[in-house]
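Trainee: Please take me through one part of this structure in detail. I would like to see the ligand site up close.

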Amino acid sequence: MAGISDYDLSGQRALVTGSSSGIGAAVARALASAGARVVINYGGGRQRAEDVVSEIKSAGGEAIALQADVSQESSVQDMFRQMFEAWDGIDILVNNAGLQRDANLIDMSVEDWDKVIAVNLRGQFLCSREASRAFLKQGVDPERSAAAGKIICMSSVHEVIPWAGHSNYAASKGGVSLFMKSLAQELSPNRIRVNAIAPGAIRTPINREAWETPEAEARLLTLIPYGRVGEPEDIGKAAVWLASDASDYVTGATLFVDGGMTLFPGFADNG
Ligand code: NAD
């Protein structure tokens, strides 16, 4: 049976992309409160990243802010170099950075398509590659963790729920699903675990218009059997579990944290 120490991330080094806001910031805070040192990566807006660093430090944790555009190879490599200079390695990568550029198909520009795929999918590839190169060099240190490294990919319920008007986003998250499973298959023999979290509707800036008025929130709740909008902390707790040895036998899995959004709630009253 898992003891509470299985959730302890003391001595581990984590990088959370896009963690100056929303889900990423909550994941960073949760990993830090479980004992990990955390890189707060941000694309732009240094102050918000420094605010998350300060929050973590005032709660007794350790964090640094590093700028990088996750869709750019040299930028990602610079960020990992700086992290390794500071902390000499990495144990946990959370591929969280993501965005939407919504449009119906016939109005979608090539720029909208490319931007979403570049950040949501290429960004996960670039960061996973750098982290895995380091995991392989480091190997397993049983003092730290039973695994040589852990990767958590932020997916979405839209890896399985089609989403009209958001085909670029849904394609990127569908891509994340098989990217994650392929990495898990490839890297498991090296004791690198790769999993995903698929959030449902979580209260963050990315989907503000879906919850900011009572009418919008009521509409949203018709899609959520559990009867509440998710909070970023719901995802933080799931990330701690997937990063920790409590989930040591879990790889290639997508954990849906969605209040039942993927349970086809439209069928609850006989369809
Ligand atoms: P958010 O907008 O607060 O967070 C996204 C973060 O990614 C921001 O901090 C942003 O600055 C960063 N980012 C964007 N482009 C970047 C780049 N090129 N390089 C580095 N960072 C970049 O929204 P969120 O809801 O916290 O989203 C976090 C993740 O969760 C995303 O992958 C999103 O698709 C996923 N998600 C969110 C929800 C939800 O309901 N909020 C649901 C499912 C999935």
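Mentor: Here is a close look at the residues around the ligand.

This is a predicted model, where local features need pLDDT of at least 70, side-chain atom pairs count only at pLDDT 80 or more, and totals for chains, interfaces and linings use all residues. Residues are numbered from 1 along each chain as its sequence is written, and side-chain values use heavy atoms, with hydrogens and water left out.

Start with the shell. There are 28 residues around the ligand, each with a heavy atom within 4 Å of it. Ser21, Ile23, Asn96, Tyr169 and Thr204 come nearest. By type, the shell holds 13 nonpolar, 13 polar and two charged residues. Here Ala, Val, Leu, Ile, Met, Phe, Trp, Tyr, Cys and Pro count as nonpolar, Asp, Glu, Lys and Arg as charged, and the others, Gly among them, as polar.

Now the polar contacts, which are pairs of N or O atoms within 3.5 Å. The side chain of Lys173 places an N or O atom 3.0 Å from a ligand oxygen. Gly200 uses its backbone: a polar atom there is 3.1 Å from an oxygen of the ligand. Asn207 has a polar side-chain atom 3.0 Å from a ligand oxygen.

Next, cover. On its own the ligand has 810 Å² of accessible area, and the protein covers 90% of that, by the Shrake-Rupley method with a 1.4 Å probe. Two or more shell residues come from each of helix 1 (22-33) and helix 5 (167-187). Helices are DSSP runs of H or I with at least four residues, numbered from the N terminus.

Note on methods:
A polar contact is a pair of N or O atoms within 3.5 Å; within protein, one must be able to donate a hydrogen and the other to accept it, and residues adjacent in sequence count only if both atoms are side-chain atoms.
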